[in-house]
Amino acid sequence: MGDPDLIPDAHGSDDTVGHLAVDASGQGVGICRAWLDSDTLTVGSPGVHPALRHTTLRHALLRATCDAARQRGARHLIMQAWGDTPAETQADAGLGLTAGTVTPIYLSRS
């Protein structure tokens, strides 16, 4: 993750609902940017450092972001996701999320 992604409220996001994961040294290793507009939460597909993609970090980031937004009144979710793996899609389904539109841009390797 580059330094611009670590800036609070980057790209107009709302860090009161979005989450950033850092390792013990303070290096960014995961991110879930979120935008809350009234009762609709929009999230970008959670990004996780390649070395941690085999962990549950992506799921934890998404769940924490949705929980925070729900506490602030969100009732609808729009998730922008590109190139998610079948395992990530299955984990999202476990959260009750389904893809309305799938736009494969690149092949992600798990």
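What follows is a short walk through the fold, the strand pairing and two serines of one protein chain. The model is a predicted one, so everything below is about computed geometry.

Starting with the overall layout, the protein chain has two helices and six strands. Going along the sequence, these turn up in the order β-β-β-β-β-α-β-α. The chain runs to 110 residues, and 31% of them count as buried. As for how far apart in sequence the touching residues sit, 52% of the contacts with a separation of 6 or more are between residues 24 or more positions apart. On the outside, the protein chain exposes about 6,900 Å², with carbon and sulfur atoms supplying 55% of that area.

Strand β2 is a handy place to look at the pairing. It covers residues 28-32, and five of the five are buried, so the strand is largely enclosed by the rest of the structure. On one count, β2 pairs with β1 (residues 19-22): the two run antiparallel and are joined by four bridges. Within this pairing, Val22 stands opposite Gly28 of β2. The two strands make up a hairpin, with five residues in between, and Gly26 in the turn takes a positive phi of about 90°. Strand β2 also pairs with β5 (residues 47-48), again in an antiparallel arrangement, here through two bridges. In that pairing, Ile31 has Gly47 of β5 as its bridge partner.

Then there are the two serines. Ser13 belongs to the segment before β1. With a relative accessibility of 5%, Ser13 falls under the 20% cut-off and therefore counts as buried. What does Ser13 touch, once its neighbours within four places in sequence are set aside? The list is Arg33, Ala34 and Trp35. With Arg33 there is also a polar contact, side chain to side chain, at 3.4 Å.

Ser38 sits in the loop between β3 (34-37) and β4 (40-44). Its backbone is worth a glance: phi of Ser38 is near 60°, which is a positive value in a residue other than glycine. Is Ser38 buried or exposed? Its relative accessible area is 62%, over the 50% cut-off, so Ser38 is exposed. Side by side, then, the model has Ser13 buried and Ser38 exposed.

Conventions. Residues are numbered from 1 along each chain as its sequence is written. This is a predicted model: local features need pLDDT of at least 70, side-chain atom pairs count only at pLDDT 80 or more; totals for chains, interfaces and linings use all residues. Side-chain values use heavy atoms; hydrogens and water are left out. Buried means under 20% relative accessible area, exposed over 50%, partly exposed in between (1.4 Å probe, protein chains only). Contact means heavy atoms within 4.5 Å. Accessible areas come from the Shrake-Rupley method with a 1.4 Å probe; for residues, only the protein chains shown count as cover. Two strands pair if DSSP finds at least two bridges between them. A polar contact is a pair of N or O atoms within 3.5 Å; within protein, one must be able to donate a hydrogen and the other to accept it, and residues adjacent in sequence count only if both atoms are side-chain atoms.
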